[in-house]
Structures are given as structure tokens and as C-alpha cells.
Amino acid sequence: MSQKPDVNGIRKIQSNKAQVGLESTSYPSRSLHFLHVLNKGSSRGTREDAPQAKLRLKIIIAGAGLGGLATAIALRRRGHSVTVFEKASELGEVGAGIQVPPNSSRLLLKWGLEPFFKDIVVEPATIGFRRWQNGNLIGLTRLVPDCRRAFDAPYYVVHRAHFQNAMYKLALDLGVEIHVGSGVARYDPDIPSLTLENGATHSADLIVAADGLRSEARKVVLQGKDQPPQRTGFAAYRAVVDVEKMRADPDVAWLLEKPGLNCWIGDMRHVMTYTIAAGKSFNMVLSHPEESDPSTWRQETAVSDMKQHFKGWDHQLTKIIDMIESTLKWPLLSGKPLEKWVASSGKFLIIGDAAHVMVPYMSEGAAMAVEDGAALAEILNKINSKDQIHDALRIFEDVRILRTGQMQEASLINGKLWHFADGPEQEARDEAMRPEVEGRHYIESPNQWSDPVTQSWAYGYDAEKEVANAWNTHVSRGSKLWVQHWSNLSMFKDFWRS
Ligand SMILES: Cc1cc2nc3c(=O)[nH]c(=O)nc-3n(C[C@H](O)[C@H](O)[C@H](O)COP(=O)(O)OP(=O)(O)OC[C@H]3O[C@@H](n4cnc5c(N)ncnc54)[C@H](O)[C@@H]3O)c2cc1C
């Protein structure tokens, strides 16, 4: 008879002998990951029964963007009563594609999104970084099967509107109430309550505002001292290309043969591309320097301005750019970590872009909002009484400000790494990425998708476990974990001060 290895059993024997457990390590390591996979199996494709909250709360969410919907799903599946108010009269994400990295897809699949996702997502095999001038491959990360193997979850790309619609359907399926055409006019964080533009007031045990980067709720949390995200000196054109046009041109048709992400990088500019809508559309994000005020941008000249920015780049890329018929230009903003996400009342908070706008260079903005939702649901499962909500939110805030601030930083770092002009830094970067292109062993890389430590931090992050650990540490203060957390936090605060 074959016996299933028992992690706890192994742990007991080990701890008798050597006083260490096999559940986790205090140092960064993935050596114990195989035990986790053995014990838990893969969460792929299942709607896992969620541990139900001991204290069922009435929760209102403002905003049904990707962040608001993810949070609604995460909270509802724990048994809370959830109502969402959305300003727009119908749901419709602007822009085309979005990447869903494993730290986000692992949660979404666990929540039961698989049936709503299966016909609309693409799972790219690789992400390749290409030289601006000739399209030569200079960096390469294998996503299939590596992401599923290492992080128990796929790396997906999807049309934003399809993603939002999938979450909308799942939320309704779980019993979330969603009201569109219901803009919030004002909040009272103390009750807490919100008043809609139609004059109706709704109160709850907790209000979560996911009202995006131009958040009004952020002003409420920061008590009038808003810290809106700042322009970064970059903007992006977003566009889709008809794949039939691409198929007809042998110079570019190869890009459609095997789904993959391809990113051309050069002096102050890059172009990220991938197929979406199950391969029916080709998505492009074209980042370029832009100092002028968005109010002065002219839609009529957007396509020709875009072509001008990439004149002289790889002829394969410019051929695809020439196929673009219309485009939207988007300012790229970034916030700095906020002092707080939770109002002084402890009953009102912000999440998603309202709390942590970042440049899209790690493709993690919405993924952070999904993690916010997961972490919030997990921490609220720890409490037994309404008096503990504030404590729980404080811990949530601490953990999430650190995580999302580091992701803001990583995203800005990609902007530096990708945008070197030709010269010594670019040559050193390309040389350091060469082993991954040539299939040689490497232990570090300027490609943050490949660098093993960055990859593990970005994609291996378990948003639920992190807040659960922080809560447990809070309950038994003085442990080493607490010290480690605070030393991370102070290093991180030093970075943002400098
Ligand atoms: C070019 C680009 C590429 C990107 N690529 C990626 C990627 O590949 N992967 C990734 O993870 N992220 C990516 N992002 C980031 C991602 O798009 C955002 O982080 C994410 O959409 C934020 O979701 P949100 O719900 O917090 O905010 P939003 O999407 O802005 O949603 C806010 C919602 O609140 C509603 N609202 C606002 N005010 C009110 C009100 N008063 N009352 C009621 N409702 C209100 C709005 O109508 C909206 O529906 C990218 C961003 C850009 C700009």
C-alpha cells in the first residue's frame, strides 16, 4: 500500500531531533515548496470551500472595477453580506489586454473563476525581451510549465472587459448585490455610511472604497491631505491589431504561432505585446516619454504621433504598429506608499488603485488589488467581535502597504532597466540576460520575470498567508517574525524617503 507523505508527521520527527519545523523557514527559501504541493495538492480549477467568517459583517464596496469585484468575491465567499455600488451605468473596462500573473491567478482560480475564464484566457508560453533595433531576443522567461510548477498557478493574459465580466458573473453567482449607475456622492467614515448621487444613504459595518486612481475616498482617509499619484514623465498608447492582418504578413505572422509575450525595449521606450481574446486579438502597450499635460493631447493625431515615437525600431515591430487603426493614449502615473489606507474610525478603507497606483511595468497593478481583496477577507476571518475590526484593518494596512509599495518600486525599476540607451549599461544588462536566452544556468537576471529571487517574491507571494502570519504575530507579540516584518518595513520606508 502506498503511503501519502505526511508533512506534519515529518515535522514532528524533525522537531524532536533538531528543533526545526518543515512548515516554513525564517530565511527566503523555496526548498520546502514540494511538501506544500504534496500536502495541499494544486488549487487549479476548483472553487475551494472557503473557511467561513466567525463574525459575518455587512460590507459595502464602492467601485466595481477589477479591484472592487475581486474584493467583493473574496469577502462574499467567506460569508459576509456584500453590496457594490458602481458609478458607471454599465461595466466596461477601458483598454484592451491585461496580464494576470500567478500571485493573482492562484487566488482567482481558488475562488472559482475557472469556468468563467476558460474560453477567454490565453496562457503564453514565454515572455521574450527583444532589442529595439532588430527584434533579437535578449531576455527570455519560460512561463509554461514553470509558473504552474513553481507557483501552483498559471500566467494568463486576457481582455480586460472579459476579465471584468467573468468576475461580475462569479460575484452575482455567489450572491453579491451589484448596483450600477450608483455613483457615491459622499462618505461618512465614522458611521460608516455612503450617500449616493440619487440621495440614498446606506450604512454598513465596513465600507471598502475601490474607486480607482482618482479616488475621492482617499481624501476621506487622509483627512483632506490627499496624496494623489504623480505623473512619471511617461505615457502609453494602448491598441489592438487585427490578427488576420498579421497572419497575412509572413514578417509578423510568427508572433501568432505560439502564444507568447514579446517586449521590445530601447532608449526611454518599450512595446509590450501579446494575444488576447483566446488568440483573436493582438494587444499592444507602447510606452514613451511624455511630459505634456494630458488635457493638451489630441486624439486625431494619436496614431501618427505613436508611429513617430517608434520610427527606426525593428521593422517587424513597425509593420505591426502600421496596422494599428486607432489608439488611446494613457498617462502613466505612480503613487508613493500612503501613510494609511484605513480611516481613523477603523470602519472605512481604500484598496486597489485608490491606494497604490503603479506604472504597469511589472503588470501587477490589478494583481495587487486582487491580493488586497484576498488579504482583507483572510484577516476578517480572524476576528470574533466588531471591536476587533480596527486592529485587523491596521494589520492588513501594514502588510499591504509594504507589499504594494515594494511592487510600486519594482515597477519603477523595470522602467529604468528597460529604458537604457545603447551604451555600457545596456550592454551589461543584455550580457547578464544572455544565459536565459542560451538556455544556460543562471542564478540572477536583470529580467525581473526571470530573476529567481524577484520571481519568487512577486509570484510566490501568498497574500492570505502573509496577513494570517502578521495577525498571529500580533496575537503573540515579540516573536522573531514581528521583528523581521518591522525591519523590512523600515528598509522600505528608507527607500521611499531617499
Ligand atoms: C497601460 C496599463 C497597463 C496595465 N497592465 C496591467 C497588467 O497587465 N496587469 C495588472 O495586474 N495590472 C495592469 N494595470 C493596472 C490595472 O489596470 C489597475 O491597477 C486596475 O485596473 C485597478 O483596478 P481598481 O478596481 O483599483 O480601479 P479602477 O479600475 O479604476 O476601478 C474603479 C471603479 O470605481 C468606479 N468609481 C469611481 N468613483 C466612483 C464613485 N464615486 N462611486 C461609485 N463608483 C465609482 C469607477 O467607475 C471604476 O469602475 C495596467 C494599467 C495600465 C494603465
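This dialogue walks through a ligand site, two helices and one loop residue in a predicted model.

Reader: Where should I begin with the ligand, and which residues are closest to it?

Author: A good start is to list the residues around the ligand and then to look at individual atom pairs. Here 28 residues surround the ligand, and the closest are G67, E86, Q99, R160 and D353. By class, this shell holds nine nonpolar, 11 polar and eight charged residues.

Reader: Which polar atoms of the protein lie 2.9 Å from the ligand?

Author: For this one looks at pairs of N or O atoms, and it helps to note whether the protein atom belongs to a side chain or to the backbone. In the side chain of R160, an N or O atom is 2.9 Å from an oxygen atom of the ligand, while at V184 it is a backbone N or O atom that lies 2.9 Å from a nitrogen atom of the ligand. A polar backbone atom of A367 is 3.0 Å from an oxygen atom of the ligand.

Reader: How much of the ligand's accessible area does the protein cover?

Author: On its own the ligand has 1000 Å² of accessible area, and the protein covers 86% of that. The elements that contribute two or more residues to the surrounding shell are α3 (66–76), β3 (97–100) and α14 (365–380).

Reader: Is α3 enclosed or open, and how would I tell?

Author: One counts its buried residues, where buried means under 20% relative accessible area. In α3, 10 of the 11 residues are buried, so the helix is largely enclosed by the rest of the structure. Among those buried residues are L66, G67, G68 and L69.

Reader: What can I read from the length of α7, and on which side do its buried residues lie?

Author: Length can be compared with an expected rise of 1.5 Å a residue, and α7 (residues 160–174), with 15 residues, reaches 21 Å from its first C-alpha to its last, close to the 21 Å expected. The buried residues of α7 are R160, F163, Q164, A166, M167, L170, A171 and L174. Because they cover an arc of only 160° around the axis, they are on the same side of α7. After α7 comes G175, whose phi is positive, near 105°.

Reader: Where does T25 sit, and what does its side chain contact?

Author: For a loop residue, one notes the flanking elements, the exposure and any polar partner. T25 is in the loop between α1 (7–18) and α2 (33–40), and it is partly exposed, with a relative accessible area of 29%. A polar atom of the T25 side chain lies 2.6 Å from the backbone oxygen of Y27.

Conventions. Residues numbered from 1 in each chain as written. Predicted model: local features only at pLDDT ≥ 70, side-chain atom pairs only at ≥ 80, totals over all residues. Heavy atoms only, no water. Near = heavy atom within 4 Å. Polar contact = N/O pair within 3.5 Å; in protein donor to acceptor, adjacent residues only side chain to side chain. Areas by Shrake-Rupley, 256 points an atom, 1.4 Å probe, with all protein chains shown as cover. Helix = DSSP H or I, 4+ residues; strand = E, 2+ residues; numbered from the N terminus. Nonpolar A, V, L, I, M, F, W, Y, C, P; charged D, E, K, R; others polar. Expected span 1.5 Å × (residues − 1). Buried < 20%, exposed > 50% of the residue type's maximum accessible area, 1.4 Å probe, protein only. Arc of directions from axis to C-beta.
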